[in-house]
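Colleague: I should be grateful for a close look at a single part of this structure, set in the context of its surroundings. Please keep the account connected, and begin with whatever the reasoning requires.

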Amino acid sequence: MDASPGETTARIEALTEGGSRVLRASGRIDTAAAARLWPQAMKEAAGEPISALDLSGVETVDSAGAIMLLTVAPDAALRGAPDQVAAVLERTRKALGTIPPPGPPPPWHPITAIGRATVGRARAAVAGIAFIGEALVTTLRVLMRPRLLRWSDVLRHLDEVGTRAFPLTLLLGFLIGIILAYQSSIPLRRFGAEVFVPNLVGISLLRELGPLLAGVVLAGRTGSAFAAELGTMTVNEEVDALKIMGVDATAMLVLPRLVAATIAMPVLAMLMNVAGLAGMTLIMGTLGYPWASVQSQLQQWLSLGDLAGGLFKAACFGLVIAGIGCRAGLSAGRGPRAVGDAATAAVVGGIVAIVVMDGIFAVLFFRLGI
Amino acid sequence: MADDPVIRAEGLSVAFGNRTIFKDVSFNVKRGEIFVILGGSGCGKSTLLKALIGLVPLAAGHAWLLGQEIADEDDDTRRALLRRIGVMWQSGALFGSMTLAENVELPIEEHTRLPRDARAALARSKLGLVGLGDAAERLPAEISGGMAKRAGIARAMALDPPLLFLDEPGAGLDPITSAGLDKLIKDIARDTGTTFVVVTHELQSILAIGDRCIMLDKDAQGMIAEGDPRQLKAESTQPTVRAFFRREAA
């Protein structure tokens, strides 16, 4: 379009006839011509109002050309316009006439904005509490009637949440083990305490990093997937359809995911731990410490309580991440953006939640002496 | 050249794997006419539309749009050709994160060097043309299905294409909205000389707007009729065509 003949043959010029201004246009006033002539047209529009458009020399005009002519001279009379040109201008003038002038922007007041945001947050919090309550009630109902839980769905989600995350978890765990071993060996070497690297890495992994990093993997992989899947179902009114059919949407959609994530997370955390310890052992070997020495340090300093505490935390993280993902999906708004927003909310909410929970667990375990 | 067909299709066949969707479909579309591709559900109407615009590969045959064969063109020529056609998708296919005005402005921004003011005014005039002048700042999620289809037409018309494809424009709309859309299509065709290719199975729309049509059939895996839809309704002796126009069960 931009290379059309209009680019070179089209012209506009403002003339004064009998005291009034006339804009004369000629050639092909098409999109390319409009793009070229627009600055000149705006300059003419800024002057005295144009009372007539002389279009006798215009061969053809398209929508963009018509927009330019009507912007320069919105109320001008047409002179000598060929039929096609007059028709396009008339049609465009009519179309532009249906558009109301842009209204003033809505008034903004800080108190109103703060109030709206507070009410919005409060509503979201209430809805979140309602979701937890609904999930609890459904869990109790399922405990009384286990048939309500769709075990085939639990297995499907276990596969998605668990087995498909194994390779990523193993890779991350192994690399974290290597990084921790290298980084901790530098300061410990200064004190001749390099032999305690396995203690440091082992305790870090089992008590903190294993569950936490597995939680981050779960939030990124699975929390977002839950939110996107349920968000799409919500946008497509599938969730409404379930409710109208009398099917308990929480039992069918939420519980299998919660159960699967709660079961899978300790397994993922365990894998993270094992892979991390393997990475650390490899590095210790390169530093001149044999496997037996590493094993001895680990046996001496790590307890079953460290492992059990970490795995318990992992199960809690799994439950919370899945819950946040499901809640984000089921509360998705309308339109295609809603699914993306739900997935983002699930990931951000999941990661923040597990870090906050980890802090609470740290205080709790310290008080309990675990 | 003015009498050259806007679309020339010769022996078109499309297959997905071993499954033939249709075969040996041939027709011409004349300049300025509203050409309807009709047929029952699953007969390949939308697939034919997609094959014509190069989204679905042809197993056999050739299609020329505006004198150019889309499959043979290099990227630049193909892009220039695609600029001269507009497509309204079945769902409207509006971008959810953009207002209606921004949706219509997108192809203008992509294909022209018009300044921002001109692009905005042009986009608004197109929305005004389809009766959505007062909804320019709304998001697609905030409008009805009928409005989304009209906005889809406005976007398809953004660059004044001489050829417009509409996929099921009346599907899922109430009769009044659907009739309004039919009138809009007729008005645009009359006022702008745009050629329309409309895929639909809405009988009333076919009879209201169609200058000429072809009918596809799932069992025949191809075209079973061609002509003026009103004439086909009155005179066709082909059992499927008769059943279609008389709304009889097969």
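Modeller: A residue is called buried when 20 or more other C-beta atoms lie within 10 Å of its own, exposed when there are 12 or fewer, and partly exposed in between; the C-beta atoms are placed from the backbone. The model is predicted, and the cut-off may first be applied to one residue of chain A. A:A135 has 19 C-beta neighbours inside 10 Å, so A:A135 counts as partly exposed. This residue belongs to helix α5 of chain A, which spans residues 110–144. When neighbours within four places in sequence are left aside, A:A135 is in contact with A:T250, A:V254, A:L258 and A:G323. A:V154 is 19 residues from A:A135 in sequence, and their C-alpha atoms are 16 Å apart in space.

The part to be examined closely is strand β7 of chain B, residues 163–167. Here the same cut-off gives the following result: 5 of the 5 residues are buried, so the strand is largely enclosed by the rest of the structure. In a regular strand, side chains alternate between the two faces of the sheet. In β7(B), B:L163, B:F165 and B:D167 point one way, while B:L164 and B:L166 point the other way. The residues of both sets are all buried.

The pairing of this strand comes next. Strands of a sheet pair through backbone hydrogen bonds, in either a parallel or an antiparallel manner. Strand β6 of chain B (residues 85–88) runs parallel to β7(B) and is joined to it by 4 bridges. Within that pairing, B:G86 is opposite B:L164, and B:V87 is opposite B:F165. Strand β8 of chain B (residues 195–199) also runs parallel to β7(B), with 5 bridges between them. B:T195 of β8(B) is the bridge partner of B:L163. Together with helix α6 of chain B (residues 175–192), β7(B) and β8(B) make a right-handed β-α-β unit. Helix α5 of chain B (residues 145–156) lies across β6 and β7 of chain B, and its direction is at about 170 degrees to β6(B).

These strands belong to an open sheet of 6 strands in chain B, with mixed pairing and the order β6-β7-β8-β3-β9-β10. Because β6 and β10 (222–227) of chain B each have a single partner strand, they stand at the edges, and one side of each is left without a neighbour in the sheet. On average, and with direction ignored, neighbouring strands of this sheet are turned by 15 degrees against each other.

Beyond the sheet, chain B meets chain A: 25 residues of chain B are in contact with 24 residues of chain A. Helix α4 of chain B (residues 116–129) supplies 7 residues, the largest share of the chain B side. That side has 11 nonpolar, 8 polar and 6 charged residues. Helix α3 of chain A (residues 63–72) packs against α4(B) at an angle of about 110 degrees, the axes being 10 Å apart. The two helices, α3(A) and α4(B), are therefore roughly perpendicular to each other. A:S63, A:A64, A:I67, A:M68 and A:T71 make this contact from α3(A), with B:A118, B:A121, B:L122 and B:S125 from α4(B). By class, the contact of these helices has 6 nonpolar, 3 polar and no charged residues.

Key
Residues are numbered from 1 along each chain as its sequence is written. Chains are lettered from A and ligands numbered from 1 in the order in which they are written. This is a predicted model: local features need pLDDT of at least 70, side-chain atom pairs count only at pLDDT 80 or more; totals for chains, interfaces and linings use all residues. Two residues are in contact if their C-beta atoms, placed from the backbone, lie within 7 Å. Ala, Val, Leu, Ile, Met, Phe, Trp, Tyr, Cys and Pro count as nonpolar, Asp, Glu, Lys and Arg as charged, and the others, Gly among them, as polar. Two strands pair if DSSP finds at least two bridges between them. A crossover is right-handed if, with the strands pointing away from the viewer, the path from the first strand over the helix to the second runs clockwise. Axes are lines fitted to C-alpha atoms, for helices over the stretch in contact, and angles run from 0 to 180 degrees between N-to-C directions. Angles under 35 degrees count as roughly parallel, over 145 as roughly antiparallel, 65 to 115 as roughly perpendicular and the rest as oblique.
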